[in-house]
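Q: Could you walk me through how the helices and strands pack in this one? I'd like the cut-offs as we go.

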Amino acid sequence: MNSEKRNQNFMEQKWTEKKEDGYRLLQNENGPELGISEGSRVKILVVDGYAFKDLAGAGELLPYEDWRLSYEKRAKDLAERLEIEDIAGLMLYSAHQLIPAKGKLAETFGGTYEGKRYEESGAKPWELTDQQKEFVQKDKVRHVLIMGLESTEVAVRWNNNLQALAENTGFGIPVNNSSDPRHSAGSTAEYMGVTGEPISKWANGIGLSASFDPELVKAFGEAGSAEYRALGITTALSPQIDLATEPRWMRFADTFGEHTQMTIDMTKAYCDGFQTTEGTADGWGKDSVNTMAKHFPGGGPCEGGRDAHYAYGKYAVYPGENFAEHLRPFTEGAFSLGGKTKKASAVMPYYTISYERDQKYGENVGNSFNKYLIQDLLREELGYDGVVCTDWGITHDTGKTEEEFAGKCWGVEHLTEAERHLKALEAGVDQFGGNNDVKPVMEAYGMACEKYGKEATDARFRRSAYRLLLNIFRTGLFENPYLNLKSSLSIVGCETFKEKGFESQLRSVTMVKNREHVLPLKKGIKVYIPKRHIRSYLNFMSMPTGDQTVTPMAKQAAASYFHITEDPREADAALCFIESPISVGYDPKDREDGGNGYVPVVLQYRPYEAKTAREISIAGGDPLEASKDRGYKGKWNTAANEEDLDLILNMRKEMGEKPVIAIVTLKNPMVMAEFEPYTDAILVEYGVTPAAVLDVLTGAFDPEGLLPIQIPKDMETVEQQKEDVAFDMECYEDSEGHTYDFGYGMNFGGVIRDERTKKYVK
């Protein structure tokens, strides 16, 4: 160790060292722990008796290496030292990573080990892929998006391998790993299907809102950040704070709903919970997780409910001229936190073209390419100085058809990849989601030098470098990015977090009907749980699912509560597990038959004809389309799970006077008029484990969830509502005389009226 000491001034040593698995840990007195990988090139500097990392290999303590200085001073110092190639690497945010890169998903997302597939390589699951090694060393990537994790142990060992590689590359900048939400108890989101770590399971966004309790959201943030840090994740690509004013939007369930003040309150609680390290002067530290609030300026008002992951859904529209309302979750929530960290550390614009909202340049381009929205509005008018990161894949080329899942360069399809990077930089963006390749960023740099001069371009790049580095310094990664396996195993999925998560699930379940107090059911009675059939539809990746016969997940769990019979005639009650209608607002067959491809997104089960839809769409225009009219008036569409309705109707006939209970997984507001009269009770859940539903069904938990949404009377009211306006639907009144409006819910005693329903009103 003596050979590693530099600038030793013979003062008393104020640090101790111990060996961990694969790294060394140096503990400074009244200072931070320093983690250094085994065999690292990084030496130890001793100044005033304290230990520091010589990350730059300069043999002297540089300001960015001095943990006694402020995060701001350190970030500024390093930003000025970096080469432009290093800054370009910081600007990259990797594509989704599978750890290990195995199975069918690896065919889509990639990953090899010494040129071989994982299954053929003999590699350990925590080894780095060829691609990960390349983008860290060659492209200098320092922001990595984690999707799949096989286990907590794999996460810990992979993180430590990755950080060791980064430590020994360039200026030793550690990697800022991130994740999309991975705590949801449901398994329907694209990023949830491959989580293997035993992380605690909580209600999702709209489910948390059903509690009407921001303190629950803060508790989630605190638990979630602890588990993220134990997995090596220091940035959450959340919360999703779009006002969900368009009921047909496929991302509705991950929002906090359409109530502006509730969304503001939930946003503050979420960001404070994730970002705050207790006991520090500014709230930042080793327990903090950066939050990336999304999607600026609000992705909710997508025309006709079509989502901007696809060319057919690229436009956000404002028929109610309500643009300013959609900014409030950002200005009054994410940018005005109650905690010491003050603001969400990053913002992600949505893919959408916010149609005719550019008040200065008149451009209809994707939000991240729009200088008015990012530089003029977000940066200058609203004063946001944190990181702005694009959504994933906006610089990549589009697909060959409107429905293809590919690049999302809306409005700038005609530009080259490098020109798209330049346009986003000109708009005020700092970072490019889903790009591991530094080449187009460096090409954009060259173009900018020609256009603005090298001095101005370098200054622009260093501004982004400062913002990006600041978020890495604030979370303590420069001191110790390494994980202790024993500690991580004790945190991820610990009993305390699992219990709190399960409580959030219970509190989200919303009872909207309970005719003659049929619920709760007695344990041990005979119940029948029918299977479901779902016709093929285009999934998130825009691939056909094929026909599916589904046995509800709850059936196996229900055996611990009831006697399960396969004959409905023997049953004391029928439990019908169904899902809100599944539909896509674009049909390739309609296009092939000479139409424009656009069809209605339906929130009812039976075939629907859009008789009252707009004559002509508000927005339109696409390189793949001859017409700018995306209207679908007079066209039909049917939910892929139409047979969920038949399931209820058949059970009513089979059961006679015996109870038929519907348990609805609600991903969007839906037309309940089709099935409500044929049920005795209805429970709404937003993506929870079967045990949460069964505990409510049997009275182990008295339901307390409230509708954080409106249930529309019919599809006509859905068509007539305006995409950007909240609470503008006529709501359904059921056979018991109850109106399924925002804030409505029942417990076993009747309709809930409490402090929550007084606090949050339409």
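A: To begin with a term, axes are lines fitted to C-alpha atoms, for helices over the stretch in contact, and angles run from 0 to 180 degrees between N-to-C directions. Helices (H or I, at least four residues) and strands (E, at least two) are DSSP runs, numbered from the N terminus. This is a predicted model, in which local features need pLDDT of at least 70 and side-chain atom pairs count only at pLDDT 80 or more, while totals for chains, interfaces and linings use all residues. Residues are numbered from 1 along each chain as its sequence is written, and side-chain values use heavy atoms, with hydrogens and water left out.

Q: OK, at what angle do α8 and α9 pack?
A: Helix α8 (residues 214-230) packs against helix α9 (residues 260-275) at an angle of about 30°, and their axes are 7 Å apart. That makes α8 roughly parallel to α9, because angles under 35 degrees count as roughly parallel, over 145 as roughly antiparallel, 65 to 115 as roughly perpendicular and the rest as oblique.

Q: And which residues of α8 and α9 meet?
A: Taking contact as heavy atoms within 4.5 Å, the α8 residues include Val217, Phe220 and Tyr228, and those in α9 include Met266, Tyr270 and Phe274. By class, this contact of α8 with α9 has 8 nonpolar, 4 polar and 3 charged residues, where Ala, Val, Leu, Ile, Met, Phe, Trp, Tyr, Cys and Pro count as nonpolar, Asp, Glu, Lys and Arg as charged, and the others, Gly among them, as polar.

Q: What about α13 and α14, what angle there?
A: Helix α13 (residues 439-452) and helix α14 (residues 454-474) pack at about 135°, with their axes 7 Å apart, which means that α13 is oblique to α14. The contact of α13 with α14 has 7 nonpolar, 1 polar and 2 charged residues.

Q: Switching to strands, what is the order in the open sheet?
A: The open sheet has 7 strands in the order β7-β8-β9-β10-β11-β13-β15, with parallel pairing, and two strands pair if DSSP finds at least two bridges between them. Its edge strands are β7 (96-99) and β15 (387-388), each of which pairs on one side only.

Q: How many bridges join β9 and β10?
A: Strand β9 (residues 176-179) and strand β10 (residues 235-236) pair in the parallel sense over 2 bridges, and the bridge partner of Ser179 in β10 is Ala236.
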